[in-house]
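Got the structure open in your viewer? Let's take a short walk through it, one selection at a time.

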Amino acid sequence: MTYLTTLESTPTETKRYESLVSMFATQAKGKGESITSPVSLRMAFYFGIPPSRAKKLSEGDAHFQRPDIDNCIKSILDGMNRGIIFRDDSLVTKIEAAKYWSKTPRAEVEVETVE
C-alpha cells in the first residue's frame, strides 16, 4: 500500500520576513520579559504603491491584492512568538487587522494585555 504525504514548509521569503519581524520585536521589547497573559493585537499592513498605479491609488487606500491578510497576520504572529513578545501565540485573544496602500511600506503592530 502506498501512502502520499505532504510536508508543509515555510517559503524562504516568509522565513526571512519572520526573522525580520523577530528582530524588530526584540528591539521594541527591550530587556523586558515576554508576555505570559492574554493579549489583543492591532495590525496595519502598508504596501508600496507601484509607479504604474500611482495615479489611481492614494495613501491609505484599501489594499485588496495578495498577500492575503491572514498570511500577513500569521507572519507577524510567528515572528513575535516563542518568548520574543509573548510566550506563545495561543495567548492572542483578539486581532484587528487591515491592509493599505502607502508610499512607505511597513507593518505596524500594537500589543495590549487583556485584563
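Start by selecting residues 12-29, which make up helix H1 in this predicted model. With 18 residues at 1.5 Å each, H1 should span 26 Å, and its end C-alpha atoms are indeed 26 Å apart, so the two values agree.

Stay on H1 and colour Glu18, Val21, Ser22 and Ala25: these are buried. Now turn the view so you look down the axis of H1; the buried residues fall within an arc of 105 degrees, so they line one face of the helix. What sits on top of them? Show residues 69-80 as well, because helix H2 is part of what covers the buried residues of H1.

Swing round to the other side of H1 and pick Thr12, Glu13, Arg16 and Gln27, which are exposed. Then step just past the end of H1 to glycine 30, where phi is positive, at about 75 degrees.

Next stop: the rings. How many aromatic pairs does the structure hold? Just one. Select tyrosine 46 and tyrosine 100 to see this pair, which is stacked, with 5.4 Å centre to centre and 25 degrees between the planes. Tyrosine 46 belongs to strand S1 (residues 39-48) and tyrosine 100 to strand S2 (residues 92-102), so the pair ties together parts that are 54 residues apart in sequence.

Buried or partly exposed: which is tyrosine 46? Its relative accessibility is 16%, so tyrosine 46 counts as buried. Tyrosine 100, at 27%, counts as partly exposed.

For the last selection, add arginine 106: you'll find it over the face of tyrosine 46, 3.8 Å from the ring centre.

Notes: Residues numbered from 1 in each chain as written. Predicted model: local features only at pLDDT ≥ 70, side-chain atom pairs only at ≥ 80, totals over all residues. Heavy atoms only, no water. Helix = DSSP H or I, 4+ residues; strand = E, 2+ residues; numbered from the N terminus. Expected span 1.5 Å × (residues − 1). Buried < 20%, exposed > 50% of the residue type's maximum accessible area, 1.4 Å probe, protein only. Arc of directions from axis to C-beta. Contact = heavy atoms within 4.5 Å. Phe/Tyr/Trp six-rings, centres within 6.5 Å; stacked < 30°, edge-to-face > 60°. Lys NZ or Arg CZ within 6 Å of the ring centre and 35° of its normal.
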